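I opened this notebook to record what I looked up in one model, topic by topic. The sequence and the structure come before my entries.

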Amino acid sequence: MSALITLNGESAGYGGRPVLHDIDLTIAAGERIAVMGRSGAGKSTLLNLLHERLADRTALIPQAAALVKTLSVFHNVYMGRLDRHSTWRNLRNLVRPAACDVGAVGQALAQVDLADKLFAPAGSLSGGQQQRASVARALFNGRPVVIGDEPVSALDRVQAAHILQQICAGHDTAILALHDIPLALAHTDRIVVIDAGRIVLDAPSRELSGADLIPYYGG
Ligand SMILES: Nc1ncnc2c1ncn2[C@@H]1O[C@H](COP(=O)(O)OP(=O)(O)OP(=O)(O)O)[C@@H](O)[C@H]1O
């Protein structure tokens, strides 16, 4: 598999304060990677760094669903492709959605079991439904790489497993911050653990058990 991105001894931080230190990471096209580690370890910062480098090849599922609550679910999901349609088509869709776009958005929503919410205001959805709408936006976006920051954190494990399957099926490469150890082991093929801004474990999922990961979630 060809390298999609390589980070060599990279650092990142905010306002001059380093958060990530000495990150060596090569990601190949086609990998499914779980980025794990306790709260504040630096997972989002790493995903942001990867997103900056891979932006035009990436569909993003941000940590907060980041929906425009006053717009319909259709419009929020349609935004996943705004940059690939003409301004005219985007404006027309704001007022009167075209049948082909309604069909395509509906398909993405069906994948996350939200087809019945197509024209509901996004603000009327539950937290888990908003998270699934955010996943549908990435599926509709359809770029080869998906970067998801805890994309299933508001879902129960059965539903989360289904959504993770959809995310992985819809994109060639998946880089996902996950905190549920069994889900990460079951749905990814590589686990990268961050602790205090450093990569402390990087191994194939099949070689790991829950017991290998639990220590990184201790107090
Ligand atoms: N915009 C920001 N400005 C300043 N500091 C930040 C910013 N975002 C994150 N940090 C700090 O960087 C560190 C790593 O944060 P990050 O969000 O990457 O962690 P995380 O592992 O994703 O945590 P969580 O699981 O809680 O989302 C934390 O100390 C956090 O306070």
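My entries below go from confidence to the ligand, then to one strand and its partners, and last to a single residue.

**Confidence.** I began by noting that this is a predicted model, and that the protein averages a pLDDT of 93, with 99% of the residues scoring at least 70. For the model as a whole I wrote down an ipTM of 0.96 and a pTM of 0.93. I kept in mind the general caution that predicted coordinates should not be read in detail where pLDDT is low.

**Ligand shell.** I then asked which residues surround the ligand. I listed Tyr14, Val19, Gly37, Ser39, Gly40, Ala41, Gly42, Lys43, Ser44 and Thr45. Sorting this shell by class, I found three nonpolar, six polar and one charged residues. When I looked up which element gives the most to the shell, the entry was helix 1, residues 43-54, with three residues.

**Strand 5.** My next stop was strand 5, residues 145-149, where I wanted to know how many of the residues are buried. The strand is mostly covered, since five of its five residues are buried. Side chains in a regular strand alternate between the two faces of the sheet, and I therefore went through the faces of the strand separately. Val145, Ile147 and Asp149 lie on one side of strand 5 and Val146 and Gly148 on the other, and as these are all buried, both faces are covered.

**Partners of strand 5.** I followed the pairing to strand 4, residues 58-61, which joins strand 5 in the parallel sense over four bridges, with Leu60 having Ile147 as its bridge partner. Strand 6, residues 173-177, also runs parallel to strand 5, and five bridges join these two strands; here I noted Val145 opposite Thr173. Tracing the chain from strand 5 through helix 6, residues 157-170, to strand 6, I recorded a right-handed β-α-β unit.

**Thr26.** I closed with Thr26, which lies in strand 2, residues 17-28, and asked whether it counts as buried or exposed. I entered Thr26 as exposed because it has 12 C-beta neighbours inside 10 Å, and the cut-off for exposed is 12 or fewer. Leaving aside residues up to four places away in sequence, I found that Thr26 touches Ala3 and Thr6. I also looked up Asn8, which is 18 residues from Thr26 along the chain, and noted a separation of 8.3 Å between their C-alpha atoms.

Methods
Residues are numbered from 1 along each chain as its sequence is written. This is a predicted model: local features need pLDDT of at least 70, side-chain atom pairs count only at pLDDT 80 or more; totals for chains, interfaces and linings use all residues. pLDDT is the predictor's confidence in each residue, from 0 to 100. A residue is near a molecule or strand if its C-beta atom, placed from the backbone, lies within 6 Å of it. Ala, Val, Leu, Ile, Met, Phe, Trp, Tyr, Cys and Pro count as nonpolar, Asp, Glu, Lys and Arg as charged, and the others, Gly among them, as polar. A residue is buried if 20 or more other C-beta atoms lie within 10 Å of its own, exposed if 12 or fewer, and partly exposed in between; C-beta atoms are placed from the backbone. Two strands pair if DSSP finds at least two bridges between them. A crossover is right-handed if, with the strands pointing away from the viewer, the path from the first strand over the helix to the second runs clockwise. Two residues are in contact if their C-beta atoms, placed from the backbone, lie within 7 Å.
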